[in-house]
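This report describes selected local features in turn: strand pairing, charged pairs, backbone angles, polar contacts and a surface patch.

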Amino acid sequence: MVPFLQNASNLTDLCLSDNNIQSEGFNTLLRALRVSPIAELDCSNCGVDSIEIDNEHIPRNLGKLNLTENAVNANGCRELAKLLQGEDTTLEHLLLGKNNIDDDGVAILVDALKNNTLLKTLNLQGNDDISNQGKVMLLELVNDISSIKATLQSNHTLEELEYDSDEDEIQTHIEMATEINRLERTTGAGAAGMEKVIQFQLQNIVRAELAALQGINHSVYGEIDSIHLPEVLSLIGHHHGHGELYVALKSSIVGLFSRVSMKECIQNEAAYHAAKIDEYKAMIAEHEAKLQEFNARLATMDDSDQNNMTKYIEMHDNKRRRV
């Protein structure tokens, strides 16, 4: 099959589901796809439990990989992460449902996807060893509210992120974030990040829910420069109404007062230094006038005047000696 795949220039989809190719067959197959035009590979229920991916033989055109109903574990996730990293990554859909992936495996995938801007679908349904800790890691991947910067740097590409949830609170928030991620595709880079800040960081009830899930115990207003607070408050009033604006005002009022106090302090300091400048200018003008006077007197004095003065001093000294 390998020679056939290497020479099949028109084959774009390959389905091997329910064939017992096992790990060795899958690894050999993946290496053979390095220059193959195949964009979709289905190896679901193929007895794969050990994955080895050679960085020199990563498929150049593979956009969808289905490994549902195998025995992929954390070690397998570590190898699959190679398909999600680097500038040459092409994978857009990764299906890993009904495997042996636990929280360690989730952590590996999450780390690989932090800087990935291509993968749109990650399916982890049927991996019973994923606990709430692993689910929170997935939530933080697409919507990290530990800071505004973290929210802006969350993954804004994933549009489908699924696991067995029974519609729990974590999954609800993941779906809210991935729905916003679709904005990135339709409106351009940066849109999803800004929308997440507005919808999740600047909306009191939603942020409180996310903070409880992610273990965040500080107010978002503590990291906003007070100089930008009026603009932020205007944004809250525009998007969330007067109720949210009132809550935001209560939370940020200390910052607003500190800004007023700081402004007054700076004004006083500026006035003090301005007065000092005027004082020093007056002193400089006085000394400049004295300097000009002395320079003028020196200019009127010639050598003869200097000699006469010397003689006068000598004569005066002689008289004093005689006395």
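Two strands are taken to pair if DSSP finds at least two bridges between them. The model discussed here is predicted.

**The sheet**

By this criterion, strand S3 (residues 64-66) pairs with strand S4 (residues 93-95): the two run parallel and are joined by 3 bridges. Within this pairing, Leu-65 stands opposite Leu-94 in S4. The sheet is open and has 6 strands, arranged in the order S1-S2-S3-S4-S5-S6 with parallel pairing. Strand S1 (13-15) and strand S6 (160-162) each have a single partner strand and stand at the edges, so each of them has one side without a neighbour in the sheet. On average, neighbouring strands of this sheet are turned by 5° against each other, direction ignored.

**Salt bridges**

Side chains of opposite charge can pair when their charged atoms come close. The whole structure contains 5 salt bridges, including those tabulated here.

| Acidic residue | Basic residue | N to O distance |
|---|---|---|
| Glu-79 | Lys-82 | 3.0 Å |
| Glu-92 | Lys-120 | 3.7 Å |
| Glu-160 | Arg-182 | 3.1 Å |

How far apart in sequence are the parts that Glu-92 and Lys-120 tie together? The salt bridge between Glu-92 and Lys-120 has an N to O distance of 3.7 Å. Glu-92 belongs to the loop between helix H3 (74-80) and S4, while Lys-120 belongs to the loop between helix H4 (103-113) and strand S5 (121-123), so the pair ties together parts that are 28 residues apart in sequence. Glu-92 is partly exposed, its relative accessible area being 28%.

In the pair formed by Glu-160 and Arg-182, the closest N and O atoms are 3.1 Å apart. This pair links distant parts of the chain, 22 residues apart, with Glu-160 in strand S6 and Arg-182 in helix H7 (residues 169-187). Both partners are partly exposed: Glu-160 has a relative accessible area of 34%, and Arg-182 has one of 29%. Strand S6, which holds Glu-160, is also one of the strands at the edges of the sheet.

In the salt bridge between Lys-82 and Glu-79, the partners fall into separate accessibility classes. Glu-79 has a relative accessible area of 17% and is therefore buried, the limit being under 20%. Lys-82, with 24%, is partly exposed.

**Positive phi angles**

Most residues other than glycine have a negative phi. Asp-18 has a positive value, near 65°, and is not a glycine. Asp-18 is situated in the loop between S1 and helix H2 (22-32). Its relative accessible area of 56% makes Asp-18 exposed, because that class begins over 50%.

Gln-22 likewise has a positive phi, of about 60°, although it is not a glycine. Gln-22 belongs to helix H2 and is partly exposed at 43% relative accessibility.

**Polar contacts and a long-range approach**

Is Thr-151 buried or exposed? Thr-151 is located in helix H6 (residues 148-152) and is buried, with a relative accessible area of 0%. Its side chain reaches the backbone oxygen of Asp-144 at 2.7 Å.

Arg-207, in helix H9 (residues 204-214), is also buried, with a relative accessible area of 9%. The side chain of Arg-207 is in polar contact with that of Gln-201, at 2.8 Å.

Asn-100 is found in the loop between S4 and H4. This residue is partly exposed, with 42% relative accessibility. Asn-100 and Asn-70 are separated by 30 residues in sequence, and their C-alpha atoms are 7.9 Å apart in space.

**A nonpolar surface patch**

Which residues make the nonpolar surface patch of about 300 Å²? The patch is made by Tyr-280, Met-283 and Ile-284. Of these, Ile-284 lies in helix H10 (residues 229-300). With 48% relative accessibility, Ile-284 is classed as partly exposed. Its value can enter a patch because patches are made of residues with over 30% relative accessible area and no salt bridge.

Key. Residues are numbered from 1 along each chain as its sequence is written. This is a predicted model: local features need pLDDT of at least 70, side-chain atom pairs count only at pLDDT 80 or more; totals for chains, interfaces and linings use all residues. Side-chain values use heavy atoms; hydrogens and water are left out. Patches are made of residues with over 30% relative accessible area and no salt bridge: like charges are joined within 9 Å, nonpolar side chains (Val, Leu, Ile, Met, Phe, Trp, Tyr) within 5 Å. Accessible areas come from the Shrake-Rupley method with a 1.4 Å probe; for residues, only the protein chains shown count as cover. A salt bridge is a side-chain nitrogen of Lys or Arg within 4 Å of a carboxyl oxygen of Asp or Glu. Helices (H or I, at least four residues) and strands (E, at least two) are DSSP runs, numbered from the N terminus. Buried means under 20% relative accessible area, exposed over 50%, partly exposed in between (1.4 Å probe, protein chains only). Axes are lines fitted to C-alpha atoms, for helices over the stretch in contact, and angles run from 0 to 180 degrees between N-to-C directions. A polar contact is a pair of N or O atoms within 3.5 Å; within protein, one must be able to donate a hydrogen and the other to accept it, and residues adjacent in sequence count only if both atoms are side-chain atoms.
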